[in-house]
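This report is written for a reader who is meeting a protein fold in detail. Please have the sequence and the structure at hand while reading.

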Amino acid sequence: MKEKKNPRDAAADYIALRARTEAELRRRLKEKEYTQEEIEETLSFALDCGLVNDEEYSMRYTEYSMRKGRGPLRIFRELSEKGVSRGLIQAALEAQFDAETEYETALKLAVKELPEDADEKDFARTARKLASRGFRSSAISRVMNGLREGNLAGETKIRYDKKKFVFKE
């Protein structure tokens, strides 16, 4: 029969795969059936050594998610599911995701999604996709109204060219 690993070793193995939140590590150690005392001691050690840092994790996760085209509502939900506190999530979002950044990210996705000969069904489908990606309704409305009216050229790096939207370099 295989001998049970030391909880610190089990934690180190789990963290070695990718960064984890405190709640994820706690959950994993419970799954491995360590005692509450062993779990608390291991978590304390991991926090003291900087192996687990929810603040840093939420900042990096927010950066990564923004690059992947996710909106702030989805990022908030995903970090909450990972056990990060509401305050840390909000701090990460405020530091990296202002209204203009959200708008420009949503605009890039919408332009990529809309066909050249877009009709109202296409606009509605694109708006739903932006909502599913976690963008706020205010950003979605601003993007969709701007695309419908074709008045984005002055406020962003985009122009309307032969029935399609093109980003300026």
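The text below moves from the whole protein to one helix and then to one residue.

**The whole protein**

The structure shown is a predicted model. The protein contains nine helices and two strands. Read from the N terminus, its elements follow the order α-α-α-α-α-α-α-α-α-β-β. The protein has 169 residues, of which 37% are buried. Its exposed area is about 10,600 Å², and carbon and sulfur atoms supply 48% of that area. Considering contacts between residues at least 6 apart in sequence, 59% join residues at least 24 apart.

**Helix H4**

Helix H4 covers residues 54–67 and has 14 residues. From its first C-alpha to its last, H4 reaches 20 Å, close to the 20 Å expected at 1.5 Å a residue.

Which residues of H4 are buried? They are Asp54, Tyr57, Ser58, Tyr61, Thr62, Ser65 and Met66. These residues lie on the same side of H4, because they cover an arc of only 160° around the axis. Arg60 and Arg67, on the other side of H4, are exposed.

What covers the buried residues of H4? The cover includes four helices, listed in the table with their residue ranges.

| Helix | Residues |
|---|---|
| H2 | 22–31 |
| H5 | 72–81 |
| H6 | 86–96 |
| H7 | 99–113 |

The two ends of H4 can be described as well. At its start, a side-chain oxygen of Asn53 comes to within 3.1 Å of the backbone nitrogen of Glu55. Just after H4, Gly69 adopts a positive phi of about 85°.

**Residue Gln36**

Another part of the model to examine is Gln36, which belongs to helix H3, residues 36–49. Is Gln36 buried, exposed or partly exposed? The relative accessible area of Gln36 is 42%. Buried means under 20% and exposed means over 50%, so a value in between is called partly exposed. Gln36 is therefore partly exposed.

Which residues does Gln36 touch, leaving aside those up to four places away in sequence? Gln36 touches Arg26 and Lys30. Arg26 and Gln36 are ten residues apart along the chain, and their C-alpha atoms are separated by 9.5 Å.

**Summary**

In this predicted model, H4 has its buried residues on the same side, while Arg60 and Arg67 are exposed on the other side. Gln36, in helix H3, is partly exposed and touches Arg26 and Lys30.

Key: Residues numbered from 1 in each chain as written. Predicted model: local features only at pLDDT ≥ 70, side-chain atom pairs only at ≥ 80, totals over all residues. Heavy atoms only, no water. Buried < 20%, exposed > 50% of the residue type's maximum accessible area, 1.4 Å probe, protein only. Contact = heavy atoms within 4.5 Å. Areas by Shrake-Rupley, 256 points an atom, 1.4 Å probe, with all protein chains shown as cover. Expected span 1.5 Å × (residues − 1). Arc of directions from axis to C-beta. Polar contact = N/O pair within 3.5 Å; in protein donor to acceptor, adjacent residues only side chain to side chain.
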